[in-house]
Every structure is written in structure tokens, then in C-alpha cells.
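Trainee: Could you take me on a close look at one part of this model, picking a residue and working outwards from there? I'd like to know what surrounds that residue and how the strands of its chain pair up.

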Amino acid sequence: MAASTLTLSDDQLLGEYVALDRFRGFIEQRLAIGPDLLALLIRDGQIVTAAHGANVGVGGFWRGIKDALFGRHALRLLIADLKPFQLRSAVEAVTQDHVQVAGELTIDLQVNPERPANVLGLMKDRSNVTKANVLERISPHLGDRVLEATVRRVNALDLRGNVAMQDKVQSEVMREVERIAGDLGLLVRSVALRWAFNEDEIAAIRKRAREREQEMAELDFRILERSIAREGESTILQLRTDLDVEKVKAASEAELRRMILDQELGFVDARETGIRIEQMKVLRHELDLAGAERRDRLVAEIEAADHAIALARERGALQGVDLANDEVLRRYQITAARLRMELREVERSVEDADTRQALALKRLEELQNLEIAEKAREQQIRGMRDLQGLEISGERDRLDLEIKGGDAEHQRRMEAKRLETAAEAEKLRLMREMSPDLVLAINAGVSPAVANVLVEQARARAGDTAEKMQLMRDMIEQSREARIATEAQARHFFEQGMQGAAGVAQGVGNAAAVARGDMPQAAGGGSVECAACHRNVPATDRFCRYCGRPMRA
Amino acid sequence: MEWRPYASCCHRQALAVDSAFCGECGRLLLRCMAFQECMSLVTPGGACPMCVAPALSLEKGATMRSQVGRRLAIPFVLRNASGAGRPLRVDAIVARDGSGEVPVPLPWEEIDAQSERGFTVETAPLEQAGTRALDIVATLASRYKGREERYAFGASVTIGIDTAEPTQIVQNINLSGAQFATGGMVHAPVANRQTADREPVASRERTALAFERAERFEIPLGIRGYRNGNLRVPRSVEFAFPGFPDSERPAKGATIGQRGVLACGRAGRQYDAEHNPLPSDLALRVHDPRTGEVDERAAVFISRHHFDLLVMNDRLHVVPRGSNGLEVNGQRLTIGGVHQLDDGAEIVPIPGHRERLALKIRFRAALGIVETIEIAREPAAGP
């Protein structure tokens, strides 16, 4: 008999009820359910069994007769997908440095194959449940509890590639989903977050792009500068080379011979020039010598003339001598002025050339500075615009966060007040059910454990209520003075100190002495002195409790 | 004093607040410093089982498998299971692997009783494939009235590191236990094979770890004991007092077990309700070297309760109690504070007058355990 295969009617479905009645008929039908699907049979409202995959026989003649005779069972078959499925949800969060980030949360889920019957909890009254329904159910619990809490500890630039944070989110999501839907048979297999570019990253990308542009501009500038320098150097070299090449090209054989001859002649000329230079040096020396002699002679003459003038002046014949002297002096002055003028002309021409060159350089430098300043100003204006935009955006975010923080603080305070009031009410309600003496003890500041011991003691010792209350007050006072905090201390205190014939007050007053061992213990029925440390210890002790020495053989 | 494990009578006898030994079996009683709250006895070097009861677990969702070159963040939960309601202070947590120690940053420092705190250990990028052990060492402390006992506790987890090669994903569906034999249905079992899973798998349950006392780390990390000399001073250490007259010193073999401290001061050793309600364990008197009589004028510079000696964190400490202060190794100490004493330390009760009275501390140790602490009086006034 051929069997037809039952599957979910839609790939988006997670679970679905199958109406078995539509397969009932005169001929029995075999329905196969694949091993990747959960088959859950509910008969008369009770789960008969659940398994992975099944083969179902429905209808048939004999079953029809059986149903007609003994009544028909209400059968319902639930099939659910056991394969892992993936859900995606958009998420938003704010990072530690207050940057809003968005991303996509991907959760791999699976119906727990070890607890198949629990899938009924997802079904409710619907005939099917989709995977999207599951996402709707769990996504509200993952926002603040998991993503905000985790992302809040990380800076925006540290989100991308942060495997440790992904592990943490996975752990938190698993715990949350286990808490929400663990008993419904849902398992989380893995969780991953994919982040969109956030504002910090975009800003960093833009910044880097601008830096790259700047670097490229700098590189272009350097390349251009270098190419100009190279071109200048190569042009000069080329010109020199061209000149040499042209010279060589233009040189014929005769010219070459002539050049060689010229070189030979140049050599001879150089040799003769050297001889002449030497001769000229000798002549110049002679001339200098003669000049010096002449100058000395002239000086001597001038001095003689001056002497004569002085004498003539003295003699009254001043006029003639003055004229001759003035003429000689004027000739010398004219020669010196001509030489100075020539020297000045040369200097002026050199200064003129220097000034022109400096002006040209200055002009070039000014032009370059202007160009750089213009570019820097443009860059600064662009930067300020971006910075202003970022500041406005940051201020807006900060104001939003302050408003949200204020609201949350107000809610927390209200909640704290409410809890405080509830606790006070609960305390009053509990004290209403306590006995008056217990309330008295607790209100006196004694711990509940000690209060209980006090109540037991008072109840055991006192007869009527008034006496019990008075005794209770005394005991509370004594326990406060002795600073008794725990139940064991209270019991020890009252057993050791308050059971003596001396009464409550005397027992407390002598507690220190008893504890020191210098006073016999009332309960032990006597004490003995230790031979080693000379302290009194209860006669029942086998060892000295102060020095450890054996007290008896 | 040789310490023996407690018997049932010891806990009963310990309730008598001034006893140093069990009256029934003679065992030395060492109380927890917070005995008033926990009513617990402790071993000479051990932690109070009621006050210090930490439990470490791997948090649900922890991933213990990764690939070469990736980091791993492992969430842990530290629980304070103290039955005495004592808070547990966490001074430091260090993760140790083969490459070194990484301190775990903790935003919190204390865990209340019966509550828990979480922390995450991030590994360095994993360098080699295989299995690596990660040790967690925590420095925990319990505080009570100005005293603090610190201990090291450790646990170890194993990390599996795979190579970065691509792996095959194998889907497994467990079909065991399918019983389908009613309602006209036929059981159709499907066999499947198990394949090793190389993908990181997150744990689905919280995993408890064996979080045990790590004594071996305590001395090297300076938590307990003396790093210099690798020595420990147990709470059951004996004291000897050479140079003191018999009337001024405790009997031979005295311990600090009785009150947890050794009280030293001008007050005599004999209890008197009127004249000496708080006697000293060790009486400090200045004697005239010529006559041997007590120098009354010098004695006024020593307070009736001048200082206490106590054993804390396996180290000997001094607590100044007198208003005049005292001098330890030439350093002036004033009232309050707890100061460590090393082997060879010198205590001068009257600051600046070493010639009048000085106490030299000497440790007598065997196998790293200080068995006797000698407090020698200078100048000697007795045997």
C-alpha cells in the first residue's frame, strides 16, 4: 500500500495541526512523516506519545466498523519542524560613548528534540505557529536586558569584529531565551550580531578618506615640484649637450685640424703668455718701484713746496705758491673722483642685478604663500563646518539622554518610596500577629532570634502577665548591656548567668568573673584550681580550659 | 602547641567564651575572628568554613571552544555561600594561562552572603591549536572589626582550540526512545551516526567548578605568610619569653588561642575585679639594673594595655593600644593600625629608650612552618 508523505504546509511554519478526519475513508490510508519532523498524537485530549517521524494508518473498513460499534476516538496530530531555523531582527542600541548603533541580530533556534511534547506550549489555540511568531515572542526581552546592557560597555569604534562581545551576547541571549521559552521546548543554538556603520565609523571613514586625499595632494605637489626641478636640470644639461653636439657636427676635418692646431697654438700662446706674465711681473715690479720712488720724490717735493709755501707765506710771497699748489691738488682730486665713479658704476650694476633677482624670488615666494594660505583657509572652513555639525548633533543627543535619565530617576524614586511603604505595612501586619512581649522585645532593638529566647525564658519563669512583662523588660535591659546578638549567645548567657540563685541582675553582674574562671561555676557544682595556671575551672572538666593541663589522672 | 582535629565536644566547649582548650578532651580551640557571628572553629592555617565559602561556576551560554587567532570571553559567576551571613570581599581575580597572568578588571569588590556576582575573563588571541588550561585565581578576604583574613582560591577550565580550517557541519537528530505503537501508527526508527562537532558550542546549563583553596599561590603573591624565607606562622604557634621573670610571662607553650591576641602592657597578670579587671598576658615592667627593683618612674611611660600581638594571614602582627605609642625597628607607631612583624624585629615599648626595655622577635621554624616565636627581653630580668 503506497503511503503519502505529510509535511508542514508552509516553510515558514514551525508547527501545525493536521486534521486526520479528512483522510478517513473506506480504504485505509498510510501517512508517512519524515524523521526531521516531530509527530505528536493526541487521543481524546491526551498525549498518547511523541516521536521523530512516524508512519500513520488512518481509516479503513474494519476501523470504520470498530468506530461504529465502540465509539470513535477524537484524534489530533501535531507535526512540528525539528530542524534548526534562523530568525533575524533589527536592533538598536547606544554605546558607551553615546553613539547610536543599529544592526541585525541573527538567532539560530531549534525545537528541543529531547522534550518534544513541550512544543504544545507554543501552539495556543491556533492551528499553526510560524517562526515569525517565535521572534515576536522573544524579541521584546532581548532589547534592554541583553543588547543595551552589553553594548553600553563598549565604544562605537570597538564594536566591529569584537568576538568577545559576540560571545557575551550569545551567552546572555541563551539565558534569556531559556528563561522565556525554555520550558516551551525552544533551544538557542547560536547568536550573531551584524552591525551597520555607525556615526563614529562613518566619521572615521570620512576622516581617513580626507587624509588620503590630502596625502595624494601632497604627493602630487611633491611629484610636480620634483618634475619641474628635473625638467630645469635636464634642460640645462640638454642645452649644453646640444651645444657640444652641434659643435662636433659642425666640425669638418679641416676644422678639426685647425682645432688641433688651435690647441697647439694655444699651448704655445699659453707658454709665451706665461713668459710674458713673468716679464710683466718684473716690469710691474720695476714700475711700482719707480712709482714709489717718484711718489716719494713728489711727496718730498710737496713737502718741500709746503715748506717753501710756509716760508713764502712767512715771507709774504704767498700768492704764487698757493696757485701752483692748488693746481697739483686739483689734478689729483679729478683722477681720484674718476676712479671712484667707475668703481661706483660697477657696484651699482651688481646691486641692480641682485635687486632684480631678489624681487623675482620674493614675487615667486609671495605667490606660493598666497596659494597655500588659500588652500588652508578652504580646508579650515570645511573642517569647522563638519565640527559644528558634529557638536550640534552631540548636543542634541546629550539633551535627549538627560531628559530620559531624569525620567528614569523619577521612576526609581517613586518605586523606592512604594517599596518602603509596603515594607512598613508588612512589618506592621507581622507585628499584629505577634505576642505583646515579642513586639516589646523587637521594638527594644533586640534581634528576633534573641527576642524569641527572651520570650521563652520569661514564659518559663513568670506566672501572671504583668510579672512576665516586667521580667521581660528586665531581661531586655540586661541583654542590651551584655550586647547579646545571636541566639546561641543568648541561650548560653541565660543558662550560665541567669539560672543561679542570685537572680538575673546578679548573674549578669558576675558574668565577667565567671568567664575569667576566678569564680566557681554555679551549674557545675564546684570548681578546682589548676596547678599550672592557678585558675579556677569547673570540677567536671578533665582538662584546664585555660592552659590545657590534665586535671585528673 | 600541636593542634589536633576538633571533636564534637570542642564545639560545645568553645561556647564558653574565655576557654582556650576543650575542658573535656584538652584540644586547643582556635576560634574564627568573627566567632560571635559564625560560632565556628578554624584550623591553624585554614579559612573559616562558615565565613569563607565561595563557589565558582561557568555561566550558562559560555563557549569553551574556539579557533586559532580568536579571542574567547568566558562568563563566570562567583557565589558567596556563607551560612553565617558574612560578606566576602574580592580583592583580585587573575586568569593564568601558559603565556602569563592577566588581571580581570572588577567593577565590584564585595559579595553579600547568599548572593552572586558575575565577571568575564577574556583570553589573549589563541595562538596554537589544541587544548589549553585556564586557571582562575581569586584573592578573597573576610573582614571583622579591623581584622582581615585573606586567602587564595583557584579553579581550572579547559579551552579547546581548533585550527582555522573550514569544517563540515553535520546535523544530528536524536531519534532514540521513539515509541509509537498506538492509534494505528507504526514505529519508524532512523539510524544516525555521531560526528565530532568542531563548531563552538555554548553550554546550556550553569556548570559548577571545583573552586578550592590555592595555598601554593598565597606566599608568592604575598597574600599570606612571609615571602622572604617562605614561612608561615600558624594560629597554633607557641610563644617563649626568655629574659622575663616568671611572674611577668605566661606559662611555657602559651598560644594566642584564648582571646585571639596576646595582650602586652604594664598591667599585672593576676586578675583582680577591683584593681586589675583587664590583666595582661605578658607584663611589661622596667627594672632598675642595679637593684633589680621595678622602676616606677619609667613604668608610667608604658600603658596598662600597651600593645597586642596577633597572628593574621599567617603572619605575626602588632597592634599599638597605648597612648604613648611604641617603636618597631626604629619606626614610631601610634595607636591603631595593624603592623606586620618579621623575623628579627625589635619592639621598643618606650620610644627612644631602647636601653630601658626592648623585645627581640625570633622565629624558630621547621619545614616552612614557624613552630615557636621567641620574644626575648633586653636587658634580661629573668631566666
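**Around one serine in chain B**

Mentor: Setting aside neighbours within four places in sequence, Ser142(B) is in contact with Met33(B), Cys51(B), Val52(B), Arg86(B), Arg147(B), Glu148(B) and Glu149(B), where contact means heavy atoms within 4.5 Å. Before going on, keep in mind that this is a predicted model: local features need pLDDT of at least 70, side-chain atom pairs count only at pLDDT 80 or more, and totals for chains, interfaces and linings use all residues. Residues are numbered from 1 along each chain as its sequence is written, chains are lettered from A and ligands numbered from 1 in the order in which they are written, and side-chain values use heavy atoms, with hydrogens and water left out.

Back to our serine. Ser142(B) belongs to strand E8 (residues 130–144) of chain B; strands (E, at least two residues) and helices (H or I, at least four) are DSSP runs numbered from the N terminus. With a relative accessibility of 3%, Ser142(B) counts as buried. Here buried means under 20% relative accessible area, exposed means over 50%, and partly exposed is in between, using a 1.4 Å probe and protein chains only. Ala47(B) is 95 residues away from Ser142(B) along the chain, yet their C-alpha atoms are separated by 9.2 Å.

Now zoom out to the chain as a whole. Chain B has four helices and 23 strands, and 50% of its 383 residues count as buried. If you take its contacts with a separation of 6 or more, 56% of them come from residues 24 or more positions apart. The accessible surface of the chain is about 18300 Å², with 49% of that belonging to carbon and sulfur atoms. Those areas come from the Shrake-Rupley method with a 1.4 Å probe, and for residues, only the protein chains shown count as cover.

On to how the strands pair. Strands of a sheet pair through backbone hydrogen bonds, either parallel or antiparallel. The cut-off used here is that DSSP finds at least two bridges between two strands. One sheet to trace is an open one of four strands in chain B, in the order E7-E3-E1-E11, with antiparallel pairing. Its edge strands are E7 (115–122) and E11 (207–208) of chain B, each of which pairs on one side only. Inside that order, E1 (residues 54–58) and E3 (residues 73–80) of chain B run antiparallel and share five bridges. To find the register, look for Ser57(B), whose bridge partner in E3(B) is Val77(B).

Next, two hairpins. E4 (residues 88–97) and E5 (residues 100–103) of chain B are antiparallel and joined by four bridges, and they form a hairpin with two residues between them. Ala95(B) is bridged to Val102(B) in E5(B). Further along the chain, E22 (residues 358–366) of chain B has two bridges to E21 (residues 346–348) of chain B, again antiparallel; there, Ile347(B) stands opposite Leu359(B) in E22(B). E22(B) also pairs with E23 (residues 369–378) of chain B, antiparallel over nine bridges. Ala358(B) has Glu378(B) as its bridge partner in E23(B). E22(B) and E23(B) make a hairpin too, with two residues between the strands, and Leu367(B) takes a positive phi near 55° in this hairpin.

Last stop: the rings. Over all chains, the structure holds six aromatic pairs. One of them is Phe239(B) with Phe241(B), a stacked pair at 6.3 Å centre to centre with 10° between the planes. For the cut-offs, rings of Phe, Tyr and Trp (its six-membered ring) pair if their centres lie within 6.5 Å; planes under 30 degrees apart are stacked, over 60 edge-to-face, and the rest tilted. Both Phe239(B) and Phe241(B) are buried, and ring pairs link them with Phe244(B) into a cluster. Phe244(B) also has company of another kind: the charged end of Arg377(B) sits over its ring, 5.7 Å from the centre. That label needs NZ of Lys or CZ of Arg within 6 Å of the ring centre and within 35 degrees of the ring normal. Arg31(B) does likewise, with its charged end over the ring of Phe35(B), 5.3 Å from the centre.
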